[in-house]
Each structure stands twice: as structure tokens, then as C-alpha cells.
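This report introduces one structure to a reader who has not met it before. The sequence and the model are shown first, and the description follows.

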Amino acid sequence: MTADLFEDIHTSEPAHQTLAPGAVLLRGFAREAGAELLAALDTVLAAAPLRHLVTPGGHTMSVAMSNCGPLGWVSDRRGYRYSREDPLSGQPWPPMPENWRALAARAATEAGFSGFTPDACLVNQYQPGSKLSLHQDKDENDFSAPIVSVSLGLPAVFLFGTPQRSDRPQRHRLQHGDVVVWGGPARLAFHGVAPLADGDHALLGRRRINLTFRCAGQAL
Ligand code: SIN
Ligand code: FE2
């Protein structure tokens, strides 16, 4: 093997896959940092435990959720919204770990959205069979900022459509360490996650954890 070839293999950027104008899949972007990111997860979840939220329609979600950062996304019979307090404890959400915030900002920059300063991080836990129906992230006050979504643990099939619900979504396999960023013309794209297949991940066992970073808006 020549020295040049060796260098190429080991210094090459993670593959970037454009899903749509404004939407990029950064394969493996968080793989190296994965274990470090997960080291902070227990602290976040000890303060704000995972729970299955109820939708305004009365359906209990199969994905278990929590939040960290100044604002957290919640759902109940009254609707979807961002809240400064965890409704379970009445306390502010736990702080967003600095290495999570920094990773999200780097991913956004890599995808062409510099200056990303998330004020909300939704933690989603999928177990075998958990799924997330097609939806838009539109409860934020600021659509000029992108969404940064980090996948950890078991692989999942990510559904990524357009801002029109009737358009059939693309399907992409997301693995541990993959990051998807969508903003600009893709900011209101419908997206979701197909039912999680069972498996055993070295760091997370039978789970997939997704961290979704948003700018929900200072005005809230
Ligand atoms: C979400 O849309 O909030 C989560 C997407 C994912 O789990 O990949
Ligand atoms: Fe979403």
C-alpha cells in the first residue's frame, strides 16, 4: 500500500449524502464521539426520566422521550409545545451537555448552517417495534435554523420526504454516529422512523437513542 493511499483512507472526510436541497446525511459524523456523548446521557435522564408522551389525539407514543437545554418539547391532550419546565418534576430541564451542543454546532456547520446555537435537545429512545409517524418539526419559533439529528445505538430506517405530506418519503438506513441536518428549503420536510428492528448494540443494547437539536426560539 502506498503512503498516499494510506493517508486517503485515514484522513478522508465522512461521506456527505445530500438528501434534498438543504438536507444532508453526515455518515459517521458522531461515531468517534459516540461513547463520550452517551456518557452524559445517564445524567440527563436521571434528572428528566424518559416517558411515553400522549398526543393531542390521545395516542401514547411508542418512542420514550425526554429533553435537555432551556426548552423541551412536550405533548399532551392540550397539544404540542415547548416548555421551560419538565411537567413531571415542575423543574427546569437539565442543562444541555456541552459536548452535545458542540457536536450539533459542528454538524450544522458541516452541512452549511454556521452559527447554530440550539436551545432545545429532544432525547428519543426507540426499543424494538418503536416508530415515529411522518411529521414536520414546526413547533419552533425560528425556521431559519436547521434541525440536527444524531443517531446512536441500533440502526433505524429514517423516512425523509418533502414539505408536502403526500410525497412518498425516501428511506435511509441510519447507523450509530450518523447525523442528519435539514434546514432552509428542507426545514419543514416530513420525516419519521420505521418500526425499529431488534438487535444488540455494543453500547446501547436493544435501544436506539436519537438526539434532536433545535432552535425553538427565545421568544417562548
Ligand atoms: C424526530 O423526528 O424527532 C426523531 C427522528 C429520529 O429519531 O431519527
Ligand atoms: Fe421530528
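Which residues of β6 are buried on one side, and which on the other? On one side they are Ala120, Leu122, Asn124 and Tyr126, and on the other Cys121, Val123 and Gln125; both faces of the strand are thus covered. Strand β6 comprises residues 120-126, and seven of its seven residues are buried. The model described here is a predicted one.

## The sheet of seven strands

Strand β6 belongs to an open sheet of seven strands, whose order is β1-β2-β11-β8-β13-β6-β3 and whose pairing is antiparallel. At the edges of this sheet stand β1 (16-20) and β3, each of which pairs on one side only. On average, neighbouring strands of the sheet are turned by 20° against each other, direction ignored.

Several pairings within this sheet can be described residue by residue. Strand β3 (residues 64-68) is joined to β6 in the antiparallel sense by five bridges, and Asn67 has Leu122 of β6 as its bridge partner. The pairing of β6 with β13 is also antiparallel and extends over seven bridges. Here Gln125 stands opposite Ile209 of β13. Strand β13 is paired with β8 (residues 147-153) as well, antiparallel and over six bridges; in this case Ser149 faces Thr212 of β13.

## The sheet of four strands

A second group of strands is now considered. Four strands form an open sheet in the order β7-β12-β9-β10, with antiparallel pairing. Its edge strands are β7 (132-135) and β10 (170-174), and each of them pairs on one side only. Neighbouring strands in this sheet are turned by 20° against each other on average, direction ignored.

Strand β9 (residues 156-160) and β10 run antiparallel and are joined by five bridges. Within β10, His172 is the bridge partner of Phe158.

## The iron site

Which residues coordinate the iron ion (ligand 2)? They are His135 through NE2, Asp137 through OD and His191 through NE2, at 2.1 to 2.2 Å. Along the chain, the donors of the ion follow the spacing H-x1-D-x53-H. The angles among the four donor atoms of the iron ion (ligand 2) run from 88 to 174°, and the site is irregular. A tetrahedral site would require all angles to lie between 85 and 135 degrees.

The accessibility of two of these residues can also be stated. His135 has a relative accessibility of 21% and therefore counts as partly exposed. Asp137 is buried, because its relative accessible area is 4% and buried means under 20%.

## The surroundings of ligand 1

Ligand 1 has 13 residues around it, and those that come nearest are Tyr126, His135, His191, Arg208 and Asn210. Two of these names have appeared above as iron-coordinating residues, namely His135 and His191. Tyr126 has likewise been met, among the buried residues of β6. The table lists distances from an oxygen atom of ligand 1 to an N or O atom in the side chain of a residue.

| Atom of ligand 1 | Side chain (N or O atom) | Distance |
|---|---|---|
| Oxygen atom | His135 | 3.1 Å |
| Oxygen atom | His191 | 3.0 Å |
| Oxygen atom | Arg208 | 2.8 Å |

## Two loop residues

Where does His201 lie? This residue is placed in the loop between β12 (191-193) and β13 (208-214). His201 is buried, as its relative accessible area is 17%. Its side chain reaches the backbone nitrogen of Leu203 at 3.0 Å, and the side chain of His201 also reaches the backbone nitrogen of Leu204, at 3.3 Å.

Leu53 is found in another part of the chain, in the loop between α3 (41-47) and β3. Is Leu53 buried or exposed? With a relative accessible area of 9%, Leu53 is buried. Leu53 and Gly192 are 139 residues apart along the chain, and their C-alpha atoms are separated by 16 Å.

Terms used:
Residues numbered from 1 in each chain as written. Chains lettered and ligands numbered in written order. Predicted model: local features only at pLDDT ≥ 70, side-chain atom pairs only at ≥ 80, totals over all residues. Heavy atoms only, no water. Donors = N, O, S within 2.8 Å, 3.2 Å for Na, K, Ca; no water. Tetrahedral: all angles 85-135°; square planar, octahedral: opposite > 155°, others 65-115°. Buried < 20%, exposed > 50% of the residue type's maximum accessible area, 1.4 Å probe, protein only. Pairing = 2+ DSSP bridges. Axes fitted to C-alpha atoms, helices over the stretch in contact; angles between N-to-C directions. Near = heavy atom within 4 Å. Polar contact = N/O pair within 3.5 Å; in protein donor to acceptor, adjacent residues only side chain to side chain.
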